[in-house]
Amino acid sequence: MSGSVKDVQSKAELGGLLRSDALVILHFWASWCEASKHMDQVFSHLATDFPHAHFLRVEAEEQPEISEAYSVAAVPYFVFIKDGKTVDTLEGADPSSLANKVAKASGAINAGEPAAPASLGMAAGATILETVRELARDNGSVTESKVQPELSSALQKKIQQLIDSNPIMLCMKGSPEEPRCGFSRKVVDILKEENVKFGSFDILSDDEIREGLKKFSNWPTFPQLYCKGELLGGSDIAIAMHESGELKEVFRDHGIESIVSDEVKTAKPDRKGGISENSGLSEALASRLKMLINSSPVVLFMKGKPDEPKCGFSHKVVEILREENVNFESFDILSDDEVRQGLKDYSNWSSYPQLYIKGELIGGSDIVLKMQRSGELKKVLENKGIIKKDTIEDRLKKLTTSSPVMLFMKGTPDAPRCGFSSKVVNALKEEGVDFGSFDILTDDEVRQGLKVYSNWPTFPQLYYKSELIGGCDIVLELKNNGELKATLSE
């Protein structure tokens with residue numbers, strides 16, 4: 001098995017392979033996930049570069065017992081096992097980190113060295129290096145870009161050229177043929193109903209553009225629909241404008257002509273259900289699926305039940321919904337194969353779980369997890385009236401208590417945006433104090449609200465156990481008096 005990748009077919013087979021003294025690396029993947037396919041190339045090359053380790057591949061949805069045993073919630077996901085014990089994990093498509101983690105676990109580089117692209121040469125041979133370069137060049141989804149705090153003139157120009165490249169421009173997740181979220185799919189359907197030509201850009205392929213657009217347009221979520229370089233809004237606004245007829249008027253006022261084609265006529269989507277007339281589903285099944293999707297404001301089509309999920313992906317989405325305090329209904333697709341197969345055509349989404357909110361497909365586990373981490377899921381739930389929207393006071397209470405020591409500053413600890421913030425960060429680091437931080441430049445509501453909440457007009461502001469300690473002068477005075485650490489540990 002050395003130098004090659006072996007597919008694991010059962011939990012019993014994996015148990016036998018783990019009895020080996022060699023390092024074992026598991027790659028949890030899914031056939032529908034493009035990032036998994038890219039990382040599988042890297043994984044295969046690493047198997048050649050490190051012949052003494054065992055490289056095993058597990059199809060996550062087909063092996064739910066194994067996936068649950070290793071708490072797999074998203075793919076690609078890697079688990080490193082030595083002597084039967086998990087020694088490391090890696091989630092996501094990061095070739096450099098994977099190569100370095102393999103090298104460290106196998107003893108090829110020192111454990112103290114960072115898993116960073118700069119050290120990749122020590123972790124892998126020429127073949128893997130070339131593969132990583134190709135992935136970085138050809139597929140932005142497997143690279144990470146650091147977004148600068150302010151938009152550079154070059155990035156502004158790049159974004160302006162992008163949104164001006166077509167009279168109607170949709171910045172979305174995925175492509176019109178393969179949308180990667182329900183909201184993007186909805187706007188694509190609307191534009192097709194409007195019979196207009198439009199350009200699109202997959203924001204998942206370029207993180208610099210993705211983050212830059214949020215600041216450029218002052219619009220934090222996607223998709224974003226532009227007409228003649230002007231932002232119209234996201235999916236909710238596009239839906240409302242479409243249903244009221246306003247969208248057609250906007251296009252007409254901007255001189256955008258409708259197109260008429262057989263393709264548009266025969267593949268016209270149903271706004272409410274997401275099903276197209278040429279889907280091939282019987283009217284009875286389509287009606288049943290529509291009823292199930294709309295049986296509750298939030299419906300999760302999953303494997304198993306919320307209290308007994310039968311795959312790690314379903315389990316993860318259940319956990320997320322519970323963390324967000326969302327009441328939801330579920331349907332076990334393993335109990336009804338007609339629904340299981342039919343829903344794939346109905347939603348144009350090939351895997352499970354599938355989460356719907358107010359009859360609209362949100363996506364699968366990967367998308368729901370990303371939306372939760374970015375805060376986008378909560379915003380959607382609030383905008384749809386599923387959960388109560390936090391007041392600014394509620395937000396500030398949560399933020400000030402999110403870490404025992406909490407610093408509201410300009411910028412981040414690694415990149416402060418003002419001298420006073422930098423001084424407080426340095427003081428806390430010199431005292432060995434662990435702290436959380438919030439960049440007030442990213443959220444004007446928090447920035448202005450905190451001045452009233454704390455009755456303190458300037459920044460930075462340091463809190464301990466939700467109580468305001470003070471600003472830069474007070475923090476430095478406490479440090480110079482030898483009282484800062486004691487104050488933050490009482």
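# Notebook: sheets, helix pairs and one buried lysine

I started at α18, which lies across β16 (405-409), β19 and β20 and runs at about 125 degrees to β16. Note to self: this is a predicted model.

**Entry 1, the sheet under α18.** Next I looked up the strand order. The sheet is open, with four strands in the order β19-β16-β20-β21 and mixed pairing. I checked the edges: β19 (436-439) and β21 (467-470) each have a single partner strand, so one side of each is left without a neighbour in the sheet. From one strand to the next the twist averages 25 degrees.

I then went down to the pairing of β20 (residues 461-464) with β21, which is antiparallel and covers three bridges. Which residue of β21 stands opposite tyrosine 463? I found leucine 468 there.

A second helix belongs in this entry. Helix α20 (residues 444-454) lies across β16, β19, β20 and β21, and I noted its direction as about 60 degrees to β20.

**Entry 2, the other four-stranded sheet.** I moved on to the open sheet with the order β7-β6-β8-β9, where the pairing is again mixed. Which strands are at its edges? They are β7 (199-202) and β9 (230-233), and each pairs on one side only. Ignoring direction, neighbouring strands here are turned by 25 degrees against each other on average.

For the β8 and β9 pair I wrote down three bridges, with β8 (residues 224-227) running antiparallel to β9. Leucine 225 is set opposite glycine 233 of β9. I also looked for a helix on this sheet and found α8 (residues 182-193), which lies across β6 (168-172) and β8. Its direction is about 160 degrees to β6.

**Entry 3, a hairpin.** I wanted a plain two-strand case, and took β4 (residues 77-82) with β5 (residues 85-91). They pair in the antiparallel sense over six bridges. Valine 79 has threonine 89 in β5 as its bridge partner. Two residues sit between the strands of this hairpin, and aspartate 83 takes a positive phi near 50 degrees.

**Entry 4, α2 against α4.** On to helix pairs. A reminder I keep for these: two packed helices are described by the angle between their axes and the distance between the axes. For α2 (residues 34-49) and α4 (residues 95-106), the axes come within 10 Å and cross at roughly 25 degrees. Angles under 35 degrees count as roughly parallel, and α2 and α4 are therefore roughly parallel to each other. The crossing is right-handed.

Which residues make the contact? From α2 I listed Met39, Val42, Phe43 and Leu46, and these meet Pro95, Leu98, Ala99 and Val102 of α4. By class, that gives eight nonpolar residues, no polar ones and no charged ones.

**Entry 5, α14 against α16.** I looked up a second pair in the same way. The axes of α14 (residues 312-323) and α16 (residues 365-374) come within 9 Å, crossing at roughly 30 degrees. That makes α14 roughly parallel to α16. Is this crossing left-handed or right-handed? I have it down as left-handed.

On the α14 side, the contact involves Phe313, Lys316, Val317, Ile320 and Glu323. On the α16 side, I noted Ser365, Val368, Leu369 and Gln372. The class split for this contact is five nonpolar, two polar and two charged residues.

**Entry 6, lysine 384.** Then a single residue. Lysine 384 is in the loop between α17 (376-383) and α18 (392-400), and that brought me back to the helix I began with. Is lysine 384 buried or exposed? Buried means under 20% relative accessible area, and lysine 384 comes out at 17%, so it counts as buried. I asked what surrounds it: leaving aside neighbours within four places in sequence, lysine 384 is in contact with Phe183, Asp236, Ile357, Lys358 and Glu360.

**Entry 7, the whole chain.** Last, the totals. I have 22 helices and 21 strands for the protein chain. The chain has 490 residues, of which 48% count as buried. I also pulled the contacts between residues at least 6 apart in sequence: 64% of them join residues at least 24 apart.

Notes
Residues are numbered from 1 along each chain as its sequence is written. This is a predicted model: local features need pLDDT of at least 70, side-chain atom pairs count only at pLDDT 80 or more; totals for chains, interfaces and linings use all residues. Side-chain values use heavy atoms; hydrogens and water are left out. Buried means under 20% relative accessible area, exposed over 50%, partly exposed in between (1.4 Å probe, protein chains only). Contact means heavy atoms within 4.5 Å. Two strands pair if DSSP finds at least two bridges between them. Axes are lines fitted to C-alpha atoms, for helices over the stretch in contact, and angles run from 0 to 180 degrees between N-to-C directions. Angles under 35 degrees count as roughly parallel, over 145 as roughly antiparallel, 65 to 115 as roughly perpendicular and the rest as oblique. A crossing is left-handed if the near helix is turned anticlockwise from the far one by less than a right angle, and right-handed if clockwise. Ala, Val, Leu, Ile, Met, Phe, Trp, Tyr, Cys and Pro count as nonpolar, Asp, Glu, Lys and Arg as charged, and the others, Gly among them, as polar.
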